[in-house]
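Subject: Structure for your review

Dear colleague,

Please find below the structure that I am handing over to you. I would be grateful if you could look through it alongside the notes that come after it.

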Amino acid sequence: MPSFTLNRRLPAALTALAIVGALSFAAPAQADELAPTSASTDVVAAPAVDETVTPPPVEAVAEPIAEALEEPAEVTEPAVSETEPAETEPAPLSFARVSAPAFTTATSSNTGCLVAPTNVTIDDSTDLFYDSRTGGSSSLTTNGLEVAWHGPDLSQSKVAWYYATDFPLSELGDPTITYDVTSGASVGQNFTITDNGVWKGNIVKEPGIAGYWTTFSIPGLAADPTASYRKAIGSIANFIDAYAADAAPHDVRVVAIGGSGGSGSEGVGVVHSQSAGCYDLTFAAPPVPTNVGCTTTPNSVVIDQASDLVYDSRTGGSSSVTAKGLEVAWHGPDLSQSKVAWYYPTDFPLSELGTPAIGYTQTSGASVGQNFTVTVDGVWKGNIVKEPGIADYWTTFSIPGLSADPAASYRKAVGTIDDFLAAYWADSRTHDVRVVAIGGSGGSGSEGVGIVKTQTAGCYELTFGVPAPSVAACLPANLVNVAVTTPSQLVYDSRTGGSSSVTAKGLEVAWHGPDLSQSKVAWYYPTDFPLSELGTPSIDYDVTSGASVGQNFTVTVDGVWKGNIVKEPGIADYWTTFSIPGMTADPTASYRKAIGTIQDFVNAYWLDDMAHDVRVVAIGGSGGSGSEGVGTVHSQTAGCYDLEFGVPAPVVAACLTANLVKVAVTTASQLTYDSRTGGSSSVTSNGLEVAWHGPDLSQSKVAWYYPTDFPLYKLGTPSIGYTQTSGASVGQNFTVTVDGVWKGNIVKEPGIADYWTTFSIPGMSADPSASYRKAIGTIKDFVNAYWLDDMTHDVRVVAIGGSGGSGSEGVGTVKTQKAGCYELTYGIPAVVVAPPVTPPATGTTGTGGAAGGAAPATTATPTPTASATPKPTPSATPAPSADETNTADELPTEAFGGESTGDAAPWWPWALGIAILLLLLLLWFLIFRRRRGNQS
């Protein structure tokens, strides 16, 4: 056999690929899912550039303090006058300076400050340098720099001050000084100069002289011929230009600005401010601190445990934090050990101490003093003491400038808080004097007993004592709702003239005469909670006649029954039938053993003994005695108990599925009718076909009813399945009896949200817009109304149905209706026809049937006989239908899917079979035939 060539293989391979491709075409292609590309932008961070310019090192210009320059021998001291020089050549001073670029030889002018000025407050005398003589003085005060210079030796009459600066002379600008002359001459301005770091002297702006003059020579400039001590005279620009014209480089800088008064004159005044270059100086010392008291919001602190305090008591002293406060005692027999002391940590300036106070109740013996522990610049010093009977304060430590009390040397300083502050201020304004604890002490050397209630100092308000529990309302999450539906749930304390009954309305109570001493009704519900949880009790009571009722709360103390706390109508507070420690009886009614708020009662027991367990073991109320009344208690709330009084009405609920009665209405005789001449109905295979029409619309009405018997509260949510052909729709009717007496219908009318009745219901009014609706509301409203009228009313639904009209026209079909435990289905069921029986095939030996046997008799399909659905037996809860079966078992076989044949047969099984056959042929052609060729 010839070999299988490429010419044969290629078409065959292509055919195979086409077939396989056709078979796989039906499978959904899976798209290649591209992973998301993580695109990132590379940010090239530029190298950090340190733009911080490191300042050059500070150079100290440490010129020796030289003697004052000597005046020329031929110059005599001028007479005292306003025109005398305000300044002779001063001794060089030491100023710190900052290196700056060298002043070049180029011509420059006085440009003034080239940057933002520096504002400096001169508030301490150490901020300045001084060059005053014996006749001059200066003092930095809150008013400014107060200066004075005077005789009798005018050569010594000089005051001078300087503030260290560092800026080029070319930035001096136009200096100014604000000076108030009190008397005598004015002051001049001085500017200390260095040249290339070498101290030179002062440039002086003297009052009465137009330009500036210097105490040192400047290259190219001559001295003042009228006053040779003025080594150069002119403007600042002249001086700058002279330095610039000199061949040598010069760095001319102002290293101090200041001023002077004298010499040779006298004067008194105040320097307020001075400006030169980039410096604006303001002279003002802050005021001497005084005791201003708290400057912020006070801190309210409750000291309710011993660990809140620090103690420094001796063996004869004791203290305890109780409900009453801080109870303290100190006693003998060794009075040197008779001391109690306590402290509460604080931290505030001594200037905020204010006027401390202590609330102390003295039981016996001596009183207590107040102690304030002080640190100075962070170092513990001791106590400032405010002792009873001493007007001022005294300290256990020394204060600079203050002496000890000569009468008691242990009092190292005596005075007011202002005195202490002023002394520290005078010693060094930088002292930080702080109060780090406030407290008090009793003793030593005395005995005493008492209670500290409060203490205030600075911004601290201390209250000592373990607080009583606050009376608070119950949290909603803890509320217990109790339905009081039977008398046995309550305990009673009524007298012969009082009565009570739990009814549908609530707890109905009454109390009456003729013996008013026996006219009392009282009830109680057992509880158990702390009195502090009573909250704000309330009672919902409807007065029918007479007086109202009060609320009673039965109390035990430490497990022992005490009596009742009463909230009586017309009295604002509560009162008790028992005594409470520390509280007095009501003077107007002695049977009220204590009167006040619940918090008052809680506090009284707390102060008596914090361990008292005061509990409310019953809540209730009473009417009388001594009065008459009738009414109903609906609810009462106290603590976490919310009582609701009354037997609840039955709940309107849908029928349980297990109790559902399914009724097939297949004949007209199963229904009762109340139609008029214009109405008609017929049970057909479609359902209950109804119609109502004119021309007399008053007769246009159709109505039908199916007999039932169940309580109204089991009506549930009725429904009707109605197909509207034309005209209006139908409503649902429910015929009602009350205590066996026929009443009428409850109607659910289309277009009206609620139900309405054709009969009156106690306590309910008719619809004002349609008086024939005797009552309108929900089924629950109707049930409640009958229940409240008389819990024994038996309200039953004895028929369910519906109606169309009157006053309208309509045609339609009722298919279903459901109410209570009845589910009605309307309509004559269709007759099921059995399929024909196919006769057996005729045998070859005869025409009578199969060989050897007789022909089978033809069986006729029986026609089902319609049977009337039996009327259900009236009962409170109908039993479920006995013939109720599984719905799935009754489905016809046509309800399930079967194989489809004919034109609707699918094509794909044929295509798949042909494809498989071609594939097998191709494989045989490619493999088996080739193998045979090879074998041959």
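The notes below concern a strand with its partners, and then a pocket.

Please bear in mind that this is a predicted model.

Strand S32, residues 507-511, is a suitable place to begin. Of its 5 residues, 4 are buried, that is, under 20% relative accessible area. Strand S32 is therefore largely enclosed by the rest of the structure.

Strand S32 pairs with strand S31 (residues 498-502), to which it runs antiparallel, through 5 bridges. Within this pairing, Ser501 has Glu508 as its bridge partner. The two strands, S31 and S32, make a hairpin in which 4 residues lie between them. The turn contains Gly506, whose phi is positive, at about 145 degrees.

Strand S32 also pairs with strand S40, which covers residues 629-638. This pairing is likewise antiparallel and extends over 5 bridges. Here Gly631 of S40 is found opposite Val509.

The second topic is the second largest pocket, which holds about 650 Å³ of space. It is lined by 27 residues, and those closest to its centre are Lys701, Asn733, Val747, Ser803 and Gly805. Two or more lining residues come from each of the strands S46 (701-711), S48 (731-738), S49 (741-748) and S52 (795-805). Strand S52 gives the largest share, with 5 residues. By class, the lining of this pocket comprises 13 polar, 10 nonpolar and 4 charged residues.

Yours sincerely

Terms used: Residues are numbered from 1 along each chain as its sequence is written. This is a predicted model: local features need pLDDT of at least 70, side-chain atom pairs count only at pLDDT 80 or more; totals for chains, interfaces and linings use all residues. Side-chain values use heavy atoms; hydrogens and water are left out. Buried means under 20% relative accessible area, exposed over 50%, partly exposed in between (1.4 Å probe, protein chains only). Two strands pair if DSSP finds at least two bridges between them. On a 1 Å grid over the protein atoms alone, a cavity is a set of points where a 1.4 Å probe fits but cannot get out, and a pocket is an open set with protein on both sides within 12 Å along at least five of seven lines; lining residues have an atom within 4 Å of a point. Grid points are joined across faces, edges and corners, and a volume is the space filled by probe spheres set on the points. Ala, Val, Leu, Ile, Met, Phe, Trp, Tyr, Cys and Pro count as nonpolar, Asp, Glu, Lys and Arg as charged, and the others, Gly among them, as polar.
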